[in-house]
Amino acid sequence: MAQDKTYAHPEMLVSTDWVNEHRGETDKYRIVESDEDVLLYATGHIPEAVKIDWVNDLNDPIVRDYVEGDAFAALCSKHGISNDTTVIFYGDKNNWWACYALWVFMLNGHTKCLIMDGGRKKWVDEGKPLTKDVPKYPPAKFKANAKNPAIRALRDQTLAHAKAKKALIDVRSPAEFSGERTHMPEYPQEGVLRGGHIPGAKNVPWAKAVAESGEFKPRAELEKLYLGEAGLKPGEEVVAYCRIGERSSHTWFVLKYLLGFEDVKNYDGSWTEWGNAVGMPIEKTYQPK
Amino acid sequence: MSDALNDIIDVFQSVDAETRLDLLLDYSGRMPKLPEKYQSQAAHDLARVQECMTPVFLWMEKEGDKLRIFAEVAEEAPTVKGFVSILIAAFDNQPCADVAAAPTDLVKQLGLDGQIRMNRAVGLTAILSRVRRAAA
């Protein structure tokens, strides 16, 4: 599928062919693999790519928040990422975690970020080079930037947004959205005390934005989904959420860079926060039989 | 608890976090080949573990008082494949009574709970539950 130049910001995506041509320019670009499966990188990756893992690298180990400031700078420095480096993210599962990693980088004010359309699957399917060797880059100087909170919604902001009847996109499965599914019995700590969705939210499961190939769907199809079915109006403020904010960062990327919504926020607290927090309004559409 | 399982847990608990992932990766490469009789689409349709997001197929049969376990896991999920491979190493051809008594918190006992996302751990536990139920 040729890259869709009608996206609002087509420059945010690069093709597998482009990455293959430019991957040797390691002084300009840093390719980052970010996967849902923590072992996948070790089974083979783009030769110049480093691994950044959500569990181990991007999360603060004590407080529920992302690494920032000096810790973020140290992570970048370790991988030879300077403030001038353009970071190219790719990963498994339709670039789901690649978008999450990109969002965390953007949150930390590093705007030189791109997504390799089609992700890991496309690269592998095309028989492009893979290696198990882990590249070592000399540490780079990275100065922590001011954070960019504009792309993030916290709980009370989201509550105010919902009360003002502004646009909310819930990107979870229909069973989670309706409140039918809350948790798995064996892992109560993973569970949510209440099921359902934020009142007024529209359900657009995140993977609807991608095609079989793992690439993002063309603009026309995305507009049918988000503006047609979900009723979003161009230019309106949108907040996207899921369970922990990782699926919704994928949708955040779609709404912001492919469809051009300027004010899109990822509510990363998402349902694990909302569904467990005292007194938050919930709409439950599931009717047990 | 079976000796096979005990040994595996011991090894995992005696190494550091990074090595545990290496071990898991190792196991993912060691899944026994699937017998002919399970290779059909029909056989796969019956064997899918629904609770797991990744395509995981499990076949279990009692042979006398022992449990036989065979599995197939998508290549793109080495974490899941590694865990299922551990289950086979620990439980295949073991007395049913031992398998039925296996700990439910195996992910934690293997020291993997810190490195595997909660969602993933849920799927793995579902797979383990299936194996235990088959042995009961």
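C113(A) is buried, at a relative accessible area of 2%, where buried denotes under 20% relative accessible area, exposed over 50% and partly exposed in between (1.4 Å probe, protein chains only). The closest cysteine sulfur to that of C113(A) belongs to C76(A) and lies 8.7 Å away, too far for a bond. C242(A) is likewise in no disulfide, its nearest cysteine sulfur being that of C99(A) at 12 Å; C242(A) is buried, with 0% relative accessibility. Over all chains, the structure holds zero disulfides, a disulfide being a pair of cysteine sulfur atoms within 2.5 Å.

This is a predicted model, in which local features need pLDDT of at least 70 and side-chain atom pairs count only at pLDDT 80 or more, whereas totals for chains, interfaces and linings use all residues. Residues are numbered from 1 along each chain as its sequence is written, chains are lettered from A and ligands numbered from 1 in the order in which they are written, and side-chain values use heavy atoms, without hydrogens and water.

The largest nonpolar core (buried Ala, Val, Leu, Ile, Met, Phe, Trp, Tyr and Cys residues joined through side-chain atoms within 4.5 Å) has 59 residues, of which F89(A), F105(A), F216(A), Y226(A) and F253(A) touch the most other members. Among the elements of chain A that each supply at least two residues to this core are α3 (69-78), β4 (86-90) and α9 (246-258); helices (H or I, at least four residues) and strands (E, at least two) are DSSP runs numbered from the N terminus. The greatest contribution, twelve residues, comes from α4(A).

Leaving aside residues up to four places away in sequence, F89(A) touches C113(A), F105(A) and L102(A), among others, with contact meaning heavy atoms within 4.5 Å. A second, separate core of 41 residues includes L24(B), F83(B), F91(B) and C96(B).
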